[in-house]
Amino acid sequence: MLNSDTISYRKSSWWKLNQQRLTPWIFLSPGLLLFLVYVIWPIFNSLYISLLQWDGLSPAIYVGISNYIELLDDEYFYISLMNNLKWLIFFMLAVPIGLGLAIFLNQTIFGIRLIKSLFFFPFVISQVVIGIIFAWFYNPRGVIGPFLDFIGLSNYAILADENFATYGIIFAGIYPQIAYCMILYLTGLNNLNTDQIEAGRMDGAKGFSLFKNIILPQLRPATFLAIVVTVIGSLRSFDMVAIMTQGGPWGSTNVLAYYMFETALSEYGYRMGYGSAIAAVLFTIMMFYILFFIYRMYQSEKKGL
Amino acid sequence: MFPIPIQKRPFINQISYRILIPISLAIWLIPLIGIMLTSIRGLGDITQGNLWGMPSEFLLFSNLKDVFQNTPMLSYIINSFKITIPTMIGAVALSCMTGFALASYKFKANLFIFFTFIAGNFVPFQILMIPVRDLTYQMGLYDTVTGLVLFHVAFQTGFCTLFMRNFIKALPNELFEAARIDGTSEFNIFFKIVLPLTRPAIAALSVLIFTFIWNDFFWATVLIQGHHAMPITAGLKSLNGQWISAYHLLSAGSIMAAIPPVIMFFLMQKHFIAGLTLGASKG
């Protein structure tokens, strides 16, 4: 007969033997489980829903790829896709502008820390607030009014102009993004290798050639991160559109993120399947960037090991 | 240092730099200054188009009083805290554990799990929207603070794990090895050695998550319907619909929404930036 001492001894020795192997799974399980349920599983579920015709209540009907076929003929889908492209292209401006600002501010004068924080301000504030601010800003009877009168465009409301409204929103969206890129570059500039710069200066490198040949290569990690967050930020554009125009006038400012929401969850109907198909397109576009990012991280991991 | 310190430049450049800085700052902040000026005005100034001149009355406090008395603003703010703080605690706690597991143990699925966290963190919200809304509904948590917090914790765990894992990985491995040889259990390594060392990372993540969640609008719209659980971002949006021309009140409300993250940023600036830049320095 085993007495309790032996049992606990055996138990503890079993635990001791396997502790190294089991501990990571014990630590991983709560976080990983929650993440699988709320993030990973929904991705696959959405891809499945995109093959259904479903209003969220009545039984779903499997319709194969017909939602995707319908997308091909949907004018608003193309408008949204084009607008996403505009967001992507113009958003990239945030990277060089952020770099420029960072170089401009990378000095040590009295009060510069406070000034840098104030430049960073727009990023800390909610996009909803930024959207409200700019809607007010663009209002012809609002903040920009006197300026519009001055250039002879009295009463021009950019957000009501279907040709330019998207640019108005993008401009508002870039504002916090510039601040983000600026802070990434300020950190990058702080970590520059001084010896290399001095050596370059000794060799007579100055101004732009110094910048191009010595500074920019050293800023590559910052540039990489700035591009990644800017691309993802541009494809995630939802808040600004929802606040400033709700996709209008006449759908001209819609982007995929907002169009999907509108299709699936608003007064325009509860078309879950069709909405999921739009989401799947957005997801596919984003996946290229995600895989690129992960590939880069994988490379640096391999080097690290 | 790049660019060349202004102190080494001719005197005239130094002077012009110092003049240029406040001017560019003022231009940069025009939209924010505009809304602050609007929030102190009365309806009279606004309908007359007096937006940049002297306000004819100073009405900031009366505007704020209006906002708090006539709208659920106070409850929006309280809800925002009720959503933000538990999310912050939950996501940071979970990611300390996942980060530790992925940083200090070698096992087959390690990198795969790590990259799953990263990839999940970058997906567009729309691909999650319908299933997450359904799931929340089925758990009976639709339109509740708890439902929203659960999702936020899960999603933010992705980003936090990325950050924590890299942070713990950068700690000297000899510390753990020495402790193991001394017979310290794995749990004690986590609680007694790793946790105290990750304090800066915990601080950085806390401020970041606070700001992200406070500013979240999308999920608040998807998972919350009623004013009883609505955070301030969604609340502002609904006020935006009601007060088409009451921009002085909307401005006052917007400022209320902006204050907490701004304070958080100023108090914890160093940690905030360390969190955002992730490793932009080492790459």
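## Chain A: domains and overall form

The domain assignment splits chain A into domain 1, residues 4–49, and domain 2, residues 74–304. The C-alpha centres of domain 1 of chain A and domain 2 of chain A are 39 Å apart. This is a predicted model.

Chain A contains 14 helices and 2 strands. Its C-alpha trace spans about 100 × 70 × 30 Å along the principal axes. The radius of gyration of chain A is 26 Å, while a compact globule of 305 residues would have one near 19 Å. Of the 305 residues in chain A, 43% are buried. Take the contacts in chain A between residues at least 6 apart in sequence: 69% of them join residues at least 24 apart.

## Chain B: domains and overall form

Chain B is also assigned a domain 1 and a domain 2, at residues 6–60 and 71–277. Their centres, taken over C-alpha atoms, are separated by 34 Å. Where they touch, domain 1 of chain B gives 9 residues and domain 2 of chain B gives 6 residues. On the domain 1 side, the elements giving two or more residues are α2 (30–39) and α3 (43–48) of chain B. The largest share, 4 residues, comes from α2(B). By class, the domain 1 side has 5 nonpolar residues, 3 polar and 1 charged.

Chain B has 15 helices and 0 strands. Its C-alpha trace spans about 75 × 65 × 30 Å along the principal axes. The radius of gyration of chain B is 24 Å, against a value near 19 Å for a compact globule of 283 residues. Buried residues account for 47% of the 283 in chain B. Among chain B contacts between residues at least 6 apart in sequence, 76% link residues at least 24 apart.

## The A–B interface

The contact between the chains draws 83 residues from chain A and 78 residues from chain B. Helix α1 (residues 4–49) of chain A supplies the largest share of the chain A side, with 19 residues. The chain A side divides into 58 nonpolar, 20 polar and 5 charged residues.

The predictor assigns the complex an ipTM of 0.89 and a pTM of 0.90.

## The nonpolar core

The largest nonpolar core holds 169 residues. Those touching the most other members are A:Cys181, A:Met182, A:Tyr185, A:Ile278 and A:Leu282. Helix α8 (residues 165–190) of chain A gives this core its largest share, 16 residues.

A:Leu282 has contacts in both chains. Leaving out residues up to four places away in sequence, A:Leu282 touches A:Leu235, A:Leu256, A:Ala257 and A:Met260. From chain B, A:Leu282 touches B:Pro124 and B:Gln126.

## Exposed sites in chain A

A:Asn155 sits in the loop between α7 (145–150) and α8 of chain A. A:Asn155 counts as exposed because 9 other C-beta atoms lie within 10 Å, and the cut-off for exposure is 12 or fewer. A:Asn155 and A:Ile290 are separated by 135 residues in sequence. In space, their C-alpha atoms are 43 Å apart.

Helix α9 (residues 194–202) of chain A has 9 residues, and the number buried is 0, so α9(A) lies largely in the open. A:Gly204 comes just after α9(A) and adopts a positive phi of about 90°.

## Confidence

Chain A has an average pLDDT of 88, and 95% of its residues score at least 70. Within chain A, confidence is lowest in α7(A), with a mean of 78. Confidence in chain A is highest in helix α4 (residues 94–105), at 95.

Chain B has an average pLDDT of 88, and 97% of its residues score at least 70. Over residues 279–283 of chain B, pLDDT stays under 50. For residues 279–283 of chain B the model has 13 contacts beyond four places in sequence.

How values were computed
Residues are numbered from 1 along each chain as its sequence is written. Chains are lettered from A and ligands numbered from 1 in the order in which they are written. This is a predicted model: local features need pLDDT of at least 70, side-chain atom pairs count only at pLDDT 80 or more; totals for chains, interfaces and linings use all residues. Two residues are in contact if their C-beta atoms, placed from the backbone, lie within 7 Å. Ala, Val, Leu, Ile, Met, Phe, Trp, Tyr, Cys and Pro count as nonpolar, Asp, Glu, Lys and Arg as charged, and the others, Gly among them, as polar. Domain bounds come from an automatic or database domain assignment. A nonpolar core is a set of buried Ala, Val, Leu, Ile, Met, Phe, Trp, Tyr and Cys residues joined through C-beta atoms within 7 Å. A residue is buried if 20 or more other C-beta atoms lie within 10 Å of its own, exposed if 12 or fewer, and partly exposed in between; C-beta atoms are placed from the backbone. The radius of gyration is taken over C-alpha atoms; the globule rule is 2.2 Å times the number of residues to the power 0.38. pLDDT is the predictor's confidence in each residue, from 0 to 100.
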